[in-house]
Amino acid sequence: RVVSTQSTGMSYYDFNPESLQIEEDDVDVSRPISDKVLKYEEFVNEVLKNDLKHVLEERDKIYDEIAEYMKLQTSIERLNTIETRPIREMIDVGCNFYMQAEVKNADFIYVDIGMGLHVQMTFDEALRFLTKKIDQLTIKSEHITDKSVDIKARIKLIIGALAELQGVSSQSSSKPRYDPFS
């Protein structure tokens with residue numbers, strides 16, 4: 001049964017798809033189906049859509065982190081090809097403001113490895129670390145994408161069940177749909 005999310009803290013992980021099936025003891029002639037429909041609509045709107053929003057925000061943060069690591073990887077690869085020392089570069093100091101910088105000893109670089117820790121690495125060590133970190137974050141983003149697909153599927157399942165309960169066609173008759181099972 002679906003209850004208000006404020007009182008229970010329910011998320012889509014607590015949802016049981018079998019609860020969409022109407023049991024004989026659930027059928028109460030004195031209680032109209034519209035009450036059940038309202039509860040499921042509330043669950044979709046307040047729980048599932050909210051969870052989907054949070055999952056997509058989390059995935060976007062990971063994509064931003066991947067982009068930062070890839071930008072650093074490109075910069076290191078470019079710096080690794082420069083033979084002259086000291087190196088003079090335009091450095092982004094934040095908000096796309098650049099200033100001229102001179103690096104006298106460019107043998108090492110400090111890389112943020114997470115949790116506020118910075119480690120001194122050679123360019124080759126940093127490139128190996130960045131490759132592994134990008135791969136790790138990519139796997140994490142794929143896992144989160146799978147979560148979002150699961151939530152979207154649950155939303156569509158419930159909306160389809162609600163349409164069936166109300167006797168409304170869930171598909172538009174004007175748009176032909178591809179059915180891979182036919």
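How many aromatic pairs does the count come to in this predicted model? The count comes to one aromatic pair. To see the pair, select Y69 and F129: the ring centres are 6.5 Å apart and the planes stand at 75 degrees, over the 60 degrees needed, so the pair is edge-to-face. Now colour helix 2, residues 33-81, and helix 3, residues 123-166. Y69 sits in helix 2 and F129 in helix 3, so the pair ties together parts that are 60 residues apart in sequence. Stay on Y69 for a moment: its relative accessibility is 10%, and because buried means under 20%, Y69 counts as buried.

**The whole chain**

Zoom out and show the chain as a cartoon. There are three helices and four strands. Traced from the N terminus, the elements come in the order α-α-β-β-β-β-α. The chain has 182 residues, of which 26% count as buried. Among contacts with a separation of 6 or more, 61% are between residues 24 or more positions apart.

**S141 in helix 3**

Next, select S141, which is found in helix 3. Is S141 buried or exposed? With a relative accessible area of 3%, S141 is buried. Show its side chain together with the backbone of T138: a polar atom of the S141 side chain lies 2.7 Å from the backbone oxygen of T138. Then add R59, I62, Y63 and I66, which are in contact with S141 when its neighbours within four places in sequence are left aside.

**The largest pocket**

Finally, turn to the largest pocket, with a volume of about 780 Å³. Which residues are the closest to its centre? Select K71, L72, S75, I91 and I109; these are the closest to the centre among the 25 residues that line the pocket.

To follow the lining outwards, colour the elements that give two or more residues to it: helix 2, strand 1 (87-94), strand 2 (97-103) and strand 3 (108-114). Which element gives the largest share of the lining? Helix 2 does, with nine residues. This is also the helix that holds Y69 of the aromatic pair.

As a last step, colour the lining of the largest pocket by residue class. The lining has 15 nonpolar residues, three polar residues and seven charged residues.

Terms used:
Residues are numbered from 1 along each chain as its sequence is written. This is a predicted model: local features need pLDDT of at least 70, side-chain atom pairs count only at pLDDT 80 or more; totals for chains, interfaces and linings use all residues. Side-chain values use heavy atoms; hydrogens and water are left out. Rings of Phe, Tyr and Trp (its six-membered ring) pair if their centres lie within 6.5 Å; planes under 30 degrees apart count as stacked, over 60 as edge-to-face and the rest as tilted. Buried means under 20% relative accessible area, exposed over 50%, partly exposed in between (1.4 Å probe, protein chains only). On a 1 Å grid over the protein atoms alone, a cavity is a set of points where a 1.4 Å probe fits but cannot get out, and a pocket is an open set with protein on both sides within 12 Å along at least five of seven lines; lining residues have an atom within 4 Å of a point. Grid points are joined across faces, edges and corners, and a volume is the space filled by probe spheres set on the points. Ala, Val, Leu, Ile, Met, Phe, Trp, Tyr, Cys and Pro count as nonpolar, Asp, Glu, Lys and Arg as charged, and the others, Gly among them, as polar. A polar contact is a pair of N or O atoms within 3.5 Å; within protein, one must be able to donate a hydrogen and the other to accept it, and residues adjacent in sequence count only if both atoms are side-chain atoms. Contact means heavy atoms within 4.5 Å.
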